[in-house]
Amino acid sequence: MYKKFRIVLLTFLTLCLLTVFLFMDNLGIQYEVAEQELTFLPDSVIAQKDEIADTPKTCLFLYDSRQEHNDIFSEHMEDVLDIMRIAYDAVDLATSAVPDFSAYKTAVICFQDLDVLSQSIVNITDWVYADGGRLLFFCSPMAGPVFSYLQPMLGIQDGGVAYAYITGIQLLPGFMIGSEDTFTFNWEEPVATTMSVLLDESATVYAVSDDDTHIPLVWSSDYGEGRMVVMNHGIAEKSSRGLSCAAYGLLEDACVYPVINASSFFLDDFPSPVPMGDATYIRQYYNRDISSFYSNIWWPDMLQLCDTYGVKYTGVIIEDYNEKVDGVITRQTDQERFNHFGAMLLNAGGEIGIHGYNHQPLCFSGFDFMDKVDYDTWVSEEAAIQALDEVFDYTESLFPENNIQVYVPPSNILSDEGRQLLIEKYPQLKALCSLYLEGEIEYSQEFEISEDGIVELPRVISGCILEEYDYWAAINALNLYYVNTHFMHPDDTLDVDRGADMGWGQMYENLSNYMEWLYSSATNIRNLTASDAAAAVERFDVCSVEKTETENGFDLRLGGFWDETYLMIRCNGEKPAEVTGGTIEHISGGYWLLRATSANVSVVMEAE
């Protein structure tokens with residue numbers, strides 16, 4: 001009798017436990033949404049961005065619109081100076097005479113044929129020698145009388161009469177953040193944009209050609225009380241802005257410019273239905289189907305990176321992979337997958353934004369996909385709005401405590417009409433996140449607040465192949481903005497063009513190696529979700545910097561200050577010893593990260 005009762009009791013308890021388990025499973029994983037670290041700025045602070053133009057001009061920017069490559073060189077360097085908040089006067093020597101340099105602390109010469117300077121070069125070099133002027137030659141000079149006159153002052157011992165073909169650049173240790181060890185970027189096709197020179201011992205070299213000749217590509221030479229810096233190359237792509245920033249930073253004893261200080265990793269199409277694609281390599285390496293692979297291998301590995309490096313993923317949801325563009329909407333019925341992955345992402349400190357109801361970009365009749373992708377345009381704005389309403393509502397029903405503030409365009413494609421629709425219909429959106437580097441049809445961005453108030457937060461690199469070019473782009477972003485933005489898709493593991501044939505094991509190792517490099521190079525960069533990174537971009541974009549030299553350092557007056565602003569200090573000699581109005585941390589080499597907690601900051605320097 002007792003034995004039968006015990007069996008019945010155990011059976012009853014088992015059923016109760018099973019019922020509880022099924023009930024909890026039906027509820028899904030419980031989640032907590034991390035509190036946003038940074039608030040978005042009030043409009044009154046953002047309006048102060050206009051005051052940047054009123055900063056006193058301390059730099060003279062000379063260009064010559066008659067010369068070859070003028071548009072490429074001058075636009076590139078002006079972009080860099082603007083981003084660094086170096087206030088400058090621009091003078092076109094095609095229409096104006098060489099101005100008086102005495103009113104400026106620094107100057108940039110942005111053309112190759114220096115002979116247009118004529119006799120004025122004597123006054124310019126006197127300004128450097130006697131007045132302590134700092135002069136940057138942005139592009140490799142042409143042989144001629146003026147360049148011959150300058151050679152001894154530039155530390156040139158021999159050469160300077162012909163260009164050499166080079167196929168890459170080698171950054172020497174300490175020149176740029178991320179190149180603590182020698183870093184090489186090779187572009188394979190030789191280009192003749194470098195003057196062949198041999199320097200004497202008075203010059204300090206920071207970058208050389210990637211070949212046996214090691215032709216100097218960036219160097220500095222002190223001349224009297226001042227300094228000259230030469231960029232002996234023709235690299236002027238958007239991806240190389242950090243190189244130009246680093247070269248300008250060599251001019252001053254302490255060069256100061258605002259930065260973002262943010263590292264953000266995006267997971268596009270996440271959460272989503274089981275990704276589409278060829279599972280050949282998943283079956284080959286893991287003998288699993290796609291769903292099992294993502295649940296048991298890919299996602300645990302991605303979470304391990306959170307534990308190791310403190311990464312906070314921003315996932316952007318796709319509700320369905322149908323190709324409907326007519327506004328006929330079917331709600332996703334398989335909520336378990338979305339609940340499971342979304343809750344785990346949020347519990348890991350991440351956030352969830354919007355990618356789309358499906359993967360059709362917000363483009364309408366007349367948009368030219370240029371045969372690059374196989375997408376359809378939406379039949380009307382009303383149809384697109386119905387689809388967007390659905391994915392917003394679906395996401396909010398699953399994760400009501402998650403604030404939807406981020407939108408990532410499918411395939412990084414977004415029409416002007418689609419962008420306007422997002423701004424007008426979904427005011428909760430704070431940031432658009434597409435691409436930093438220009439594509440043929442993609443929506444490319446700068447790190448900035450747009451005129452309509454939306455934060456542009458572009459992604460610089462992507463995927464898990466992560467070759468030399470990706471590191472080059474990442475190094476340049478770190479040096480100019482102190483930012484990392486990377487995105488990948490779960491279905492990268494299904495696409496040979498994105499590395500599937502190497503297997504997830506190698507892809508994961510590549511991604512892990514990149515993070516190891518990133519966080520050992522940028523030791524104090526902040527791990528932020530996209531929303532927090534967008535708020536950081538606001539603080540960066542409204543900031544103006546007015547620097548005044550003092551007896552033992554310098555003072556900073558920061559326009560657009562709200563609660564904090566991050567600034568990079570590139571020191572060439574003395575290092576910071578004491579800060580009032582903020583705190584400071586060493587990054588590497590001559591680079592220091594200043595967190596300003598006041599609009600007025602004082603820095604005392606001491607000799608190394």
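**Entry 1: helix α3**

I take helices as DSSP runs of H or I with at least four residues, numbered from the N terminus. With that settled, I looked up what follows α3 in this predicted model, and found that R85 comes after the helix with a positive phi, near 60°. I then checked the length of α3, which runs over residues 70-84: its 15 residues should span 21 Å at 1.5 Å a residue, and the C-alpha atoms at its ends are 21 Å apart, so the two values agree. For burial I used the cut-off of under 20% relative accessible area, and in α3 I noted N70, F73, S74, H76, M77, V80, L81, I83 and M84 as buried.

**Entry 2: helix α9**

I repeated the length check on α9, residues 335-347, where 13 residues at 1.5 Å each should give a span of 18 Å, and the end C-alpha atoms are indeed 18 Å apart. Its buried residues are R337, F338, N339, F341, G342, A343, L345 and L346, and I wanted to know which elements cover them. The cover includes the strands β11 (262-268), β12 (313-318) and β13 (351-356), together with the helices α8 (290-309) and α10 (381-398). After α9 comes G349, for which I read a positive phi, near 90°.

**Entry 3: the chain as a whole**

I stepped back to the full protein chain, where I find 14 helices and 26 strands. Its radius of gyration is 28 Å, close to the 25 Å that the globule rule gives for 608 residues, and I therefore record the chain as being as compact as a globular protein of that length. The C-alpha atoms fill a box of roughly 110 × 55 × 45 Å along the principal axes. Of the 608 residues, 56% are buried, and the accessible surface comes to about 25,500 Å², with 49% of it belonging to carbon and sulfur atoms. When I restrict contacts to residues at least 6 apart in sequence, 75% of them join residues at least 24 apart. For charge, I note 31 positive and 96 negative side chains, and the centres of these two sets lie 9 Å apart.

**Entry 4: backbone details in loops**

Where does the chain hold a cis peptide bond, with omega near -5°? I find this bond from F270 to P271, and I place P271 in the loop between β11 and α7 (280-286).

I next looked up positive phi values in residues other than glycine, beginning with N412, whose phi is about 60° although it is not a glycine. N412 sits in the loop between β14 (406-407) and α11 (416-425), and its relative accessibility of 7% makes it count as buried. L466 is another such residue, with a positive phi near 50°, and it belongs to the loop between β18 (461-462) and α12 (468-481). I noted L466, too, as buried, with a relative accessible area of 8%.

**Entry 5: S450**

I located S450 in the loop between β16 (448-449) and β17 (455-456). Is S450 buried or exposed? At 13% relative accessibility it counts as buried, because the cut-off for that class is under 20%. Leaving out residues up to four places away in sequence, S450 touches R419 and E456. I also took the C-alpha separation from S450 to A431, which is 9.9 Å for two residues that are 19 apart along the chain.

**Entry 6: T308 and H214**

T308 lies in helix α8, and with 46% relative accessibility it counts as partly exposed. I compared sequence and space for T308 and E516, which are 208 residues apart in sequence and whose C-alpha atoms are 9.3 Å apart.

H214 is in the loop between β7 (203-209) and β8 (216-223), and I record it as partly exposed at a relative accessible area of 41%. What does H214 contact, leaving aside its neighbours within four places in sequence? I find Q170, V208 and S209. For H214 and F561, which are 347 residues apart in sequence, I read a C-alpha to C-alpha distance of 44 Å.

Key
Residues numbered from 1 in each chain as written. Predicted model: local features only at pLDDT ≥ 70, side-chain atom pairs only at ≥ 80, totals over all residues. Heavy atoms only, no water. Helix = DSSP H or I, 4+ residues; strand = E, 2+ residues; numbered from the N terminus. Expected span 1.5 Å × (residues − 1). Buried < 20%, exposed > 50% of the residue type's maximum accessible area, 1.4 Å probe, protein only. Contact = heavy atoms within 4.5 Å. Rg over C-alpha atoms; globule rule 2.2 N^0.38 Å. Areas by Shrake-Rupley, 256 points an atom, 1.4 Å probe, with all protein chains shown as cover. Lys, Arg positive; Asp, Glu negative; His and termini not counted. Charge placed at Lys NZ, Arg CZ, Asp CG, Glu CD.
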